[in-house]
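Reader: I am new to this structure. Can you walk me through its features one by one?

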Amino acid sequence: MSDFNTTIRQLAERHRSFYIYRQSMIEDNIRALKSSFKNAQFLYSVKTNPFEPVLKTVVRQGLGFDAASLNEVLMGEKLGLARDKIYYSAPGKTRDDIVGAAGRSVIIADSLNELEMLQSVAKETGKKLDTGIRINPDFTLGSESGVSSKFGIDYDILKENIQWINSLDMLNITGIHVHSRSQELNRQTLTRYYENMLKLAVFVKENLAPGLKFVNMGGGLGIPYSCGQRPLDIHGLGRAFDEMAEKFLEQIPGVKIFIESGRYIVGKAGTYVTTVLDKKVSMGKTYVILHNTLNGFIRPSLAMLVEAYANGNLFGSEPLYTQKDAFEFSAPFSDGQPEQVTLCGNLCTATDVVAKDITLPALKPGDIITISNAGSYAAVLSPMQFASLPAPAQIFFTSDGLIK
Ligand SMILES: Cc1ncc(COP(=O)(O)O)c(C=O)c1O
């Protein structure tokens with residue numbers, strides 16, 4: 001058993017760069033969700049961080065999976081999740097994906113074509129399929145009108161096709177799924193969205209799915225990336241949600257209401273640790289060269305690039321870009337005089353810059369830098385094969401202070 005900082009120091013002797021995920025934080029976050037929302041069940045969005053010890057922790061806490069590929073469905077099956085704990089939703093599924101996932105998960109059809117494909121697969125096997133439909137509703141998380149989207153079936157198109165969908169005799173439409181977007185910190189915005197979702201579910205129950213079994217609200221629970229941001233009031237949101245959910249469940253008893261989350265569960269539980277390889281001065285500017293930055297943890301460098309080119313138009317850039325000050329850079333074991341430095345990586349590209357002109361204690365080769373908020377959309381998004389450098393390790397720090 002050892003404390004977190006000692007562990008980082010010891011691990012840095014063996015790995016020049018690594019992710020470390022704290023089990024106790026993941027468990028605390030899940031507890032906070034479960035205790036705040038009495039009437040919701042949570043699905044972990046595997047795509048945010050599929051590291052196996054993370055998945056095992058989440059499954060042990062009773063969560064199901066929001067799977068975005070057949071591989072993620074298989075990960076859930078391997079960890080013992082029953083079919084009705086895995087919800088497979090993604091655009092562009094192939095017939096093989098559907099055949100592979102059919103007995104192992106509840107498949108959410110993303111288009112009319114997918115409904116047709118599901119009907120044909122079910123016919124072939126002679127087994128009726130419980131199926132969900134992803135809807136692109138006439139509202140979003142944050143507005144009362146819809147937007148064009150590559151995800152799901154537009155609400156209007158769904159209405160026009162009710163008769164046709166009802167004629168698909170091998171499918172039981174048992175649920176709906178909407179995911180509008182991620183990273184919302186405002187309780188009222190999320191409350192209004194949940195309210196709209198429950199209304200949509202009533203419409204679907206009355207017109208399309210008399211056997212409605214689930215309403216999947218998607219994700220959206222945000223985390224504060226910088227210290228200036230106020231965390232989402234998760235207890236207040238849960239209370240507002242429960243009030244609405246209780247009324248909904250009186251009207252339609254027995255329906256499961258799912259909320260998906262990846263970021264809220266693991267985002268802040270991960271830290272990226274890297275090592276100073278070199279330091280130099282060029283035309284009066286001090287550059288610190290770090291191990292595996294853009295290739296190991298792409299989001300900080302990407303944030304710099306996006307800001308340089310986006311001209312303020314940053315809508316829809318999640319999960320690649322959240323905000324300017326989303327990551328904190330620290331040198332927890334250095335105590336030199338403060339100096340202004342630019343932090344770069346060891347790739348042969350000038351875009352490999354993670355922080356410009358920030359102040360840190362004077363650094364030297366071998367010193368350690370930590371980067372915060374590295375639990376979600378971090379390792380999974382990073383181009384680790386770039387320049388054929390050895391990829392960063394991924395390490396799990398258990399609640400007992402052990403390393404996995
Ligand atoms: C369908 C779906 N559900 C859930 C999530 C995760 O949401 P969050 O980032 O709010 O945890 C995503 C992320 O892209 C998603 O596409």
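Author: Start with the shell around the ligand. This is a predicted model. The shell residues divide into three nonpolar, ten polar and three charged.

Reader: How many residues surround the ligand, and which are the closest?

Author: The ligand has 16 residues around it. The closest are Ser-45, His-179, Ser-182, Gly-219 and Arg-263.

Reader: Which elements each supply at least two residues of that shell?

Author: Strand 10 (256-261) does, and so does helix 11 (263-266).

Reader: Next, the backbone. What is the general idea for phi and peptide bonds?

Author: Most residues other than glycine have a negative phi, and most peptide bonds are trans. Now look at Gln-183. Its phi is near 60 degrees, a positive value in a residue that is not glycine. Gln-183 belongs to the loop between strand 8 (171-177) and helix 9 (187-207).

Reader: Does Gln-183 count as buried or exposed?

Author: Count C-beta neighbours inside 10 Å; 20 or more means buried. Gln-183 has 21, so Gln-183 counts as buried.

Reader: What is phi of Tyr-377?

Author: Phi of Tyr-377 is near 50 degrees, again positive in a residue other than glycine. The loop between strand 16 (368-371) and strand 17 (393-397) holds Tyr-377. Tyr-377 is buried, because 26 other C-beta atoms lie within 10 Å.

Reader: And the peptide bonds? Which residues does a cis peptide bond join?

Author: Glu-318 and Pro-319, with omega about 0 degrees. Pro-319 sits in the loop between helix 12 (298-309) and strand 13 (329-330).

Reader: Now helix packing. At what angle do helix 2 and helix 3 pack?

Author: Read the angle together with the distance between axes. Helix 2 (residues 23-36) and helix 3 (residues 52-60) pack at about 35 degrees, and their axes are 10 Å apart. The crossing is right-handed.

Reader: Which residues make the contact?

Author: Helix 2 brings Gln-23, Ile-26, Glu-27 and Ile-30, while helix 3 brings Val-54, Thr-57 and Val-58. By class, this contact of helix 2 with helix 3 has four nonpolar, two polar and one charged residues.

Reader: Last, the domains. Where do domain 1 and domain 2 lie along the chain?

Author: Domain 1 covers 82-261, and domain 2 covers 268-397. Their C-alpha centres are 36 Å apart.

Reader: How many residues of domain 1 are in contact with domain 2?

Author: Six residues of domain 1 are in contact with eight of domain 2. The domain 1 side of this contact has two nonpolar, three polar and one charged residues.

Notes. Residues are numbered from 1 along each chain as its sequence is written. This is a predicted model: local features need pLDDT of at least 70, side-chain atom pairs count only at pLDDT 80 or more; totals for chains, interfaces and linings use all residues. Domain bounds come from an automatic or database domain assignment. Two residues are in contact if their C-beta atoms, placed from the backbone, lie within 7 Å. Ala, Val, Leu, Ile, Met, Phe, Trp, Tyr, Cys and Pro count as nonpolar, Asp, Glu, Lys and Arg as charged, and the others, Gly among them, as polar. Axes are lines fitted to C-alpha atoms, for helices over the stretch in contact, and angles run from 0 to 180 degrees between N-to-C directions. Helices (H or I, at least four residues) and strands (E, at least two) are DSSP runs, numbered from the N terminus. A crossing is left-handed if the near helix is turned anticlockwise from the far one by less than a right angle, and right-handed if clockwise. A residue is near a molecule or strand if its C-beta atom, placed from the backbone, lies within 6 Å of it. A residue is buried if 20 or more other C-beta atoms lie within 10 Å of its own, exposed if 12 or fewer, and partly exposed in between; C-beta atoms are placed from the backbone.
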